[in-house]
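Dear colleague,

Please find below the structure that I am handing over to you. My findings follow it, and I would be grateful if you read them with the model open.

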Amino acid sequence: AEVYNQQAYEKAISLELPIKIQRVIANKSEIFEKRGEIDSAFYYLKAVNTYYDTIVTTASVQAIAELEGKYKFERNSRLLKETELEILYAESALQDKQLQLLYVVIALILVIGIAVAGFLKSRANKRSAELLKGQKMLIEHQNGQLNSINQNRSDELALMKMSVNEKEEIL
């Protein structure tokens, strides 16, 4: 039994199986106890307790490390989500500012368009007024010419009438 136990011990050590190592040492302690070798049995019993403490400590350390890992992961996930949320808020604020800027640009374009349209309308009105004034002056000039021609015709007709009257008197 001791040979098999030693082989099991070596195998458990090579595979790094602390619980199996503890069982093999516990078996060794029982073997020595059955033989009546109390000192050796007590020595191996202490070794069993030491391995138990090591296993418990290792398990505790692993559990603590696992909890720390989970905590860090959760904290990093939360920080990542908070950062993503802050980025979304910043992007939203940027889009709002861009939209406001777009409204200002559109309003400015409309104001400039209205001003240009008003200027062009005013210029067209001035041009129309100048054309009307020119046409009025032309008409007045032509009226003057026509009146002068009419006066000349009237004078000629009056002379002709006189000459006809004179001819009649003479006759």
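The model is predicted, and its pLDDT is the predictor's confidence in each residue, on a scale from 0 to 100. The chain has a mean pLDDT of 87, with 95% of its residues at 70 or more. Confidence is lowest in helix H1 (residues 2-15), where the mean is 79, and highest in helix H3 (residues 38-170), where the mean is 89. As a general caution, predicted coordinates should not be read in detail where pLDDT is low.

Overall architecture

The chain contains three helices and zero strands, and along the sequence this gives the pattern α-α-α. Its radius of gyration is 61 Å, whereas a compact globule of 171 residues would have one near 16 Å. The box filled by the C-alpha atoms, taken along the principal axes, is roughly 195 × 25 × 15 Å. The buried share is 9% of the 171 residues. The exposed surface of the chain comes to about 14900 Å², of which carbon and sulfur atoms supply 62%. Among contacts with a separation of 6 or more, 38% join residues that are 24 or more positions apart.

Helix H1 and its end

Helix H1 has 14 residues and reaches 20 Å from its first C-alpha to its last, close to the 20 Å expected at 1.5 Å a residue. The residue that follows H1 is Glu16, and its phi is positive, near 55 degrees.

The nonpolar core

Which residues make up the largest nonpolar core? There are eight of them: Ala12, Ile21, Ile25, Phe32, Ala41, Tyr44, Ala47 and Val48. Helix H2 (18-35) and H3 are the elements that give two or more residues to this core. The most comes from H3, which gives four residues. In soluble globular proteins, nonpolar side chains tend to be buried together.

Ala41, a member of this core, touches Ser29, Phe32 and Glu33, when residues up to four places away in sequence are not counted.

Buried polar and charged residues

Three further residues deserve your attention. Is Ser29, in helix H2, buried or exposed? Ser29 counts as buried because its relative accessible area is 6%, under the 20% cut-off. Leaving aside neighbours within four places in sequence, Ser29 is in contact with Ala41, Tyr44 and Leu45.

Asn5 lies in helix H1. With a relative accessible area of 5%, Asn5 is likewise buried. Beyond its neighbours within four places in sequence, Asn5 is in contact with Val24, Asn27, Lys28 and Ile31. Asn5 and Arg23 are 18 residues apart in sequence, and their C-alpha atoms are 9.7 Å apart in space.

Lys28 is found in helix H2. Its relative accessibility is 13%, so Lys28 also falls under the 20% limit and counts as buried. Not counting residues up to four places away in sequence, Lys28 touches Asn5, Gln6 and Tyr44. Tyr44 therefore appears in the contacts of Lys28 as well as in those of Ser29, and Tyr44 belongs to the eight-residue core.

With kind regards

How values were computed:
Residues are numbered from 1 along each chain as its sequence is written. This is a predicted model: local features need pLDDT of at least 70, side-chain atom pairs count only at pLDDT 80 or more; totals for chains, interfaces and linings use all residues. Side-chain values use heavy atoms; hydrogens and water are left out. A nonpolar core is a set of buried Ala, Val, Leu, Ile, Met, Phe, Trp, Tyr and Cys residues joined through side-chain atoms within 4.5 Å. Buried means under 20% relative accessible area, exposed over 50%, partly exposed in between (1.4 Å probe, protein chains only). Contact means heavy atoms within 4.5 Å. The radius of gyration is taken over C-alpha atoms; the globule rule is 2.2 Å times the number of residues to the power 0.38. Accessible areas come from the Shrake-Rupley method with a 1.4 Å probe; for residues, only the protein chains shown count as cover. The expected span of a helix is 1.5 Å times one less than its number of residues.
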